[in-house]
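Let's take a walk through this model together, from the whole chains down to single residues. Please keep the viewer open as you read.

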Amino acid sequence: MSFAFTADRKKRFNALLKQYPDKRSAALPALHLAQDQEGYLTTETIETLAQMLDITPASLMDTISFHTLFHTKPRGKYLLQVCQTLSCSLAGADEIVDHLSHKYQVKAGETTPDGKYTLLKVECLGACDTAPVVQINDDYYEKVSKDKLNRILDKLP
Amino acid sequence: MPLLKLDDHELEVPKGTKILDAALKVGIEIPHYCYHPALSIAGSCRMCLVEVEGMPKLQTACSTPVRELPPEKKIDGRYDMVVHTTTGKVTAARKLVLEFLLLNHPLDCPVCDQAGECLLQDYSFKYGEAHSRFVEDKRVQPGEELGSGVVINLNRCILCTRCVRFNREITGTGELFVENRGYHNKIAVFDGKPLDNPLAGNVADICPVGALLLKDYIHSTRVWHLSHTPSVCTECSAGCSITVDAANDRIYRIVSRENEQANGHFICDTGRYAFHTYAEGVLTEPLMRAKRGWKALSWDLAYRTVADQIDRHGGKGAVRALASPTFPNESSFLLGQLMQRLSDKRNVALIPVKREADQTFPAGFKISGDKGGNRRGAEDMIGKLAAGFKSFFKDEEGVLLVMDADGRAEVTADLKGLFESSSFKVVLASNESNITAMADLVLPVAGPFEREGTVTNDQGLVQWLQLALERKGQARPAWLVLAELDRLLTGEASLYTCAGDVTWKINRAISAYSQATRFKLGLKGQLLTGTG
């Protein structure tokens, strides 16, 4: 499976390169661009991207493995990220994880067989005043309860 | 230039010099792991913390540049920077840093190959605490093979990233990286693609702890049993400075020796592992070709045989010789002298040796494609070489005197022709090779690590080759064999009692080598007069 940016993304990638003195400095936004397109980062994607950024695949992997936002394994259409840090934990984040785990029959870190949901435990999402928080893809859902979460999930396309 | 006060030392250094570099210059020890003079600064190990006056927190000496103050602001009216390396704050910090570095370290020194030359051991002993307060379970990760004969023991790793930077900056291949973060940090290769470059072995040299190890060295000996002989690699014409680590008359490993004029800090894997090949097929006694196989003879008989054969086949004038671009200058010089005394035809050429393309790495390290490590020296010693041996291999008959090229000779059609046209072939060699296979008489001489003398690299740097091993069996140094042959054939008494005597003679006979005396060469060598 070879990797190539779509025409639109290719344009955005080229624009990125112009923003930095070194090609390699564009690594983070470029990785996001690739991951948004592909869903996750395959070995081929990393190799191609490394070549485009003029670094070795290992250097790029260095960055990827450091950042939790990048995924090197397939993930579901919906990434359910449940905050685990103190406020959320006190406000019942564990029950939310258990609930989701039971609802979709997956453990934290796993993806449902139909490829629709991935359940992840994450660290502080920075919304402690509205704990517990669940981030689904790029959107925050605050002060969630089991019922509220069920309603939100049922409405997802 | 800024005036720096470093403990009790006062020194002027260029603005921007790092404190650690300044300390190394005056011989103050500031402990460090991630700093390496040939690599970029990481500042990650925190071991080199020092106290800088006027700065509220301790600073890493490796990354803090020496500043320059305007005259009215100078400290004590004179200093631009005042640094302390032995205050209570510093020693306390060192203790804590070491405790952190050792949190997950297995402390398996009794079975670790690095023990005895390990910076963790040394610094723990000097600056550390005997006890750790860490009572939790240590992190345990399985060891891995990284490729190119390098293995990693992840438990011992302190993540200084010297190896990562080496592969990014020096070789440019960048196979290694730091995977994950925090507690899960580890040195890894991408997608199982192995460490694969001709300088890979250096990562074991620069690893300050026992994490990166050479597969052929693991558990083979203890460092304190080894004798460390400073010598020179003759595998290619780059002439890298090396240290030969041997014990019990056996080489265990070869490591790089720092020499700015030659190799810098590193050596290639060809040179590093070459000693394995010289342990095989070692010649230990003079051998004469017999009807079936070989017959051993005494040295006296061997010499007399050479003299007899010369008389029988065309006399002294018909002797032809091939010098070796891998032997030290001393033997080439004596061969040239011998040939000059035998006849004025100067029938001397160089034995052909493999030539490949040079390999140059991003940081400038070069592996020369010329596998005749001392070609320049051999050419200088013999002076005017025959343009090729085509000029003399058509002779009717004659004795051929050959110095082997340590197994790297190339048997070209010309060389074959020369051997076929010669009536009696005498080969001086240390190991069985493609050349000894064509000989009539094989004279065993000292191998590459058993030689003494000078070698000249392609940049004109003359270095002293030091004896690291005893010669095997009855093998003799090549210079001695040539001196003895000279005495036998010309009847003149030999002037030489050791290789150094020949060096002395070279200093006087060849003007470019007048400064390359045994004394002046030292450990770093000496550039030829008129070069560099």
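Domain bounds here come from an automatic or database domain assignment. With that in mind, chain A divides into domain 1 (7-66) and domain 2 (78-154), and the C-alpha centres of these two domains of chain A lie 29 Å apart. Do remember as we go that the model is predicted.

Now turn to chain B. Its assignment lists domain 1 (3-98), domain 2 (135-219) and domain 3, which is made of two segments, 287-450 + 469-524. Between the centres of domain 2 and domain 3 of chain B, taken over C-alpha atoms, there are 43 Å. Where these two domains of chain B meet, each supplies six residues to the contact. On the side that belongs to domain 2 of chain B, three of the residues are nonpolar, two are polar and one is charged.

Stepping back to chain B as a whole, its C-alpha atoms fill a box of roughly 90 × 55 × 35 Å along the principal axes. The chain holds 13 helices and 25 strands, and 45% of its 532 residues count as buried. Sequence-distant pairs feature strongly in its contacts: among those between residues at least 6 apart in sequence, 67% join residues at least 24 apart.

Next, find the open sheet of seven strands in chain B, ordered 15-14-22-21-20-16-17 with mixed pairing. Strand 15 (294-296) and strand 17 (348-350) of chain B each have a single partner strand, so they form the edges, and one side of each is left without a neighbour in the sheet. From one strand to the next, the twist averages 20°. Helix 8 (residues 329-342) of chain B packs on this sheet, where it touches strand 16 (320-323), strand 17 and strand 20 (399-403) of chain B. The direction of helix 8 makes about 165° with that of strand 16 of chain B.

Strands of a sheet pair through backbone hydrogen bonds, either parallel or antiparallel. Which way do strand 21 and strand 22 of chain B run? Strand 21 (residues 424-429) and strand 22 (residues 441-444) of chain B are parallel, and four bridges join them. As a landmark, look for B:Leu428, which stands opposite B:Leu443 in strand 22 of chain B.

What about the nonpolar interior? The largest nonpolar core has 157 residues, of which B:Val402 and B:Val426 touch the most other members. Helix 11 (residues 478-490) of chain B gives the most to this core, with seven residues. Leaving aside residues up to four places away in sequence, B:Val426 touches eight residues, including B:Val306, B:Val399, B:Val402, B:Ala439 and B:Leu443. Another core, of 18 residues, lies apart from it and includes A:Ile96, A:Leu100, A:Val134 and A:Val144.

For a single-residue view, try B:Ser256, found in strand 13 (residues 250-256) of chain B. Is B:Ser256 buried or exposed? The cut-off for buried is 20 or more other C-beta atoms within 10 Å; B:Ser256 has 24, so it is buried. Among the residues that B:Ser256 touches are B:Asn202, B:Cys240, B:His265 and B:Phe266.

Finally, look at where the two chains meet: 12 residues of chain B are in contact with nine residues of chain A. Strand 8 (residues 176-179) gives the most to chain B's side, with four residues. By class, that side has five nonpolar, two polar and five charged residues.

Methods. Residues are numbered from 1 along each chain as its sequence is written. Chains are lettered from A and ligands numbered from 1 in the order in which they are written. This is a predicted model: local features need pLDDT of at least 70, side-chain atom pairs count only at pLDDT 80 or more; totals for chains, interfaces and linings use all residues. Two residues are in contact if their C-beta atoms, placed from the backbone, lie within 7 Å. Helices (H or I, at least four residues) and strands (E, at least two) are DSSP runs, numbered from the N terminus. Ala, Val, Leu, Ile, Met, Phe, Trp, Tyr, Cys and Pro count as nonpolar, Asp, Glu, Lys and Arg as charged, and the others, Gly among them, as polar. A residue is buried if 20 or more other C-beta atoms lie within 10 Å of its own, exposed if 12 or fewer, and partly exposed in between; C-beta atoms are placed from the backbone. A nonpolar core is a set of buried Ala, Val, Leu, Ile, Met, Phe, Trp, Tyr and Cys residues joined through C-beta atoms within 7 Å. Two strands pair if DSSP finds at least two bridges between them. Axes are lines fitted to C-alpha atoms, for helices over the stretch in contact, and angles run from 0 to 180 degrees between N-to-C directions.
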